[in-house]
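Here is a short tour for anyone meeting this structure for the first time. Have a look at the sequence and the 3D view, then read on.

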Amino acid sequence: MKVLGDELPDKPEAVSLLWQSLFMIVPVVSTTFASVGRQFRGLDGGALGWLFIDEAGQAVPQAAVGAVWRARRTLVVGDPLQIEPVFTVPAGMIERLASLRSETQSVCFWPHKSSVQRLADLANQYGASVPVDGDQEEWIRSPLRVHRRCADPMFSIANRIAYLGKMVLDLPDRKSPMAAHDFGESAWIDLPGRVTDGQVVPEQIQFCIELVERAYAEQGRLPACYIITPFRKIRSALRSRLGDEKRWRTLVGAKFSRMFRGDLRAWCNNRIGTVHTFQGKEEQAVIFVLGADHQTEGSASWAAKKPNLLNVAVTRAKRRLYIVGDRSLYRKLPYFSHAAAELRRVLPSEFLNQPAQDLSEQI
C-alpha cells in the first residue's frame, strides 16, 4: 500500500519483490497508460510477465512505451475500424517534429495518424491487407471474423460498412425477438429540423425527452439504454434537458427525493454521451441522435468521413437500435446510407404512440 501511495522502500530492489507478492494473490492488475509511470515506478524493463492492452486502436503509440518496456510479452487487442486515437496537438507541429529524425519520419509513428494496434499489426509478418477507406488498404494481423454481441440489424450494418461482409454471427438467433428491453423494433425515426446551436436540432432533443419520460411513467424506472451522439453540443443539450429537475418533479411527484436526484444525475452522466465515450461498452438498446440539418451538412459529412464512428455507435446496441435524425440528409452519405437501407423509417408520432415495452432498470 505504501508503494501504491508513492512511498518507495529504502532498497530499490524491494519494489519488484513487493509486486511479486501482490501478483501471487492478485494475478491481474488493471491500470491506464497515464498511471503506468507512477504506479510501477521502480520496476525495471521486463519486470512484468504479460501486458494486455485493450482498446489498442484508440491509444496513441507513444502512450504505451513505458508499459511495453516493463513487460516481457505483450498482447495487443483492438479494432482499427472503431474510434481512432484522439490527439489534440496540431498536425503541422507533429509533422515538423517528426521530420527532424529519420527514425520518426514514417507516418506509422505519428500519433494523430497511428495507434498502438496499427504498430502491433505492422510488427507481424502474418496477416491480411484489408480495405478500410475506399481503395486504401491496411495491414491487420488478425482481422475480426466472429461477432458475438449484436443481433440484426446492428450486425448487418457493421458487417457491411466496416468488415466487407466477412464477419460471421455467433448468436443463437440472428434477430432478437421482442422482449422486456425494447421501445419497439429497431428503426430510423425520421425527424428533420433546423439547427439552433452547433448541431443541435431541438425537435430531436424533445423526442428523446418524451421517450425517456414515457418509459418512466409506464414502468416507474429510468430506461436501460444509451443515448449516443457524434457531437458534444448535442450531448450537453440532452444532459441539460433530461436532467431538468423541475420537469421530473412534475412527473415523479412525491417520489422525487435526494436519492432520485442523485440517480437521475448519474443516469444522465453515464448513459448520455458522445460516441467516443462509449467505446468498449454495450447495452440492450441504443438511441443514436444525429443532429445537423441541410444548412450544416458539413457536420454530417464529418460524421460520415470514415466508417469508424457509425460502426462504434451501432455496435454498442445488443438488441435494438434507434437512429434519430433527418433521413433525407444522412441517407445520401457514405455508410449512413447502408443504415438507412437496413432500418425501417418511422415518424416520431407513430413511434411514440406504439405500444411500449418494458425498457427499464431499477434505480
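Let's start with one glycine. G325 has a relative accessibility of 0%, so this residue counts as buried. Keep in mind that the model is a predicted one. G325 sits in strand β11. Setting aside residues within four places in sequence, G325 is in contact with W188, I189, D190, L191, Q204 and L290. Not everything is close by, though: the C-alpha atoms of G325 and Q125 are separated by 44 Å, with the two positions 200 residues apart along the chain.

**The sheet around it**

Which strand runs parallel to β11 and is joined to it by 4 bridges? That is β7, made of residues 187–190, while β11 covers residues 317–325. In this pairing, W188 stands opposite I323 of β11.

Zoom out and you'll find an open sheet of 6 strands, paired in parallel and ordered β9-β8-β10-β11-β7-β12. β9 (272–274) and β12 (344–346) are at the edges with a single partner strand each, so one side of each has no neighbour in the sheet. On average, neighbouring strands here are turned by 25 degrees against each other, ignoring direction. Helix α8 (residues 232–242) packs on this sheet and touches β8 (225–229), β9 and β10 (283–289). The direction of α8 makes about 175 degrees with that of β9.

**How a helix starts and ends**

Helix α9 (residues 245–252) has a cap at its N-terminal end: D244 places a side-chain oxygen 3.1 Å from the backbone nitrogen of K246. After α9 comes G253, with a positive phi near 70 degrees.

**Backbone oddities**

Most residues other than glycine have a negative phi, and most peptide bonds are trans. With that in mind, a few spots deserve a second look. L164 is not a glycine, yet its phi is positive, about 55 degrees. L164 belongs to the loop between α6 and β6 (168–169), and its relative accessibility of 44% makes this residue partly exposed. Y335 is not a glycine either, and has a positive phi of about 70 degrees. You can find Y335 in the loop between α13 (327–330) and α14 (336–342). Is Y335 buried or exposed? Its relative accessibility is 15%, so Y335 counts as buried.

Then there's a cis peptide bond, running from D152 to P153, with omega near 10 degrees. P153 lies in the loop between β5 (146–147) and α6 (154–162).

**Buried charges without a salt bridge**

E138, in strand β4 (residues 136–140), is buried but has no salt bridge. Which side chain of opposite charge is nearest to E138? That's R118, at 4.6 Å, and a salt bridge needs the nitrogen and oxygen within 4 Å. Beyond four places in sequence, E138 is in contact with P80, R118, A128, S129, V130 and V132.

R70 tells a similar kind of story, in the loop between α3 (65–69) and β2 (71–76). R70 is buried with no salt bridge, and the nearest side chain of opposite charge, D44, is 7.9 Å away. The residues that R70 touches, leaving out those up to four places away in sequence, include V36, F40, L43, D44 and L48.

**Charges that do pair up**

How many salt bridges does the structure hold? There are 14, and the table lists some examples.

| Salt bridge | N to O distance | Separation along the chain |
|---|---|---|
| E282 and R149 | 3.0 Å | 133 residues |
| E245 and R265 | 4.0 Å | 20 residues |
| E297 and K332 | 3.5 Å | 35 residues |

Salt bridges with shared partners join R149, E282 and K318 into one network. E282 is in the loop between β9 and β10, and R149 is in the loop between β5 and α6. With a relative accessible area of 36%, E282 is partly exposed; R149, at 23% relative accessibility, also counts as partly exposed.

As for the E245 pair, E245 lies in helix α9 and R265 in helix α10 (residues 258–271), so their salt bridge ties together separate parts of the sequence. E245 is partly exposed at 25% relative accessibility, and R265 is partly exposed with 46%. Finally, E297 is in helix α11 (residues 297–303), while K332 is in the loop between α13 and α14. E297 counts as partly exposed, at 27% relative accessibility.

Note on methods
Residues numbered from 1 in each chain as written. Predicted model: local features only at pLDDT ≥ 70, side-chain atom pairs only at ≥ 80, totals over all residues. Heavy atoms only, no water. Pairing = 2+ DSSP bridges. Helix = DSSP H or I, 4+ residues; strand = E, 2+ residues; numbered from the N terminus. Axes fitted to C-alpha atoms, helices over the stretch in contact; angles between N-to-C directions. Contact = heavy atoms within 4.5 Å. Polar contact = N/O pair within 3.5 Å; in protein donor to acceptor, adjacent residues only side chain to side chain. Buried < 20%, exposed > 50% of the residue type's maximum accessible area, 1.4 Å probe, protein only. Lys, Arg positive; Asp, Glu negative; His and termini not counted.
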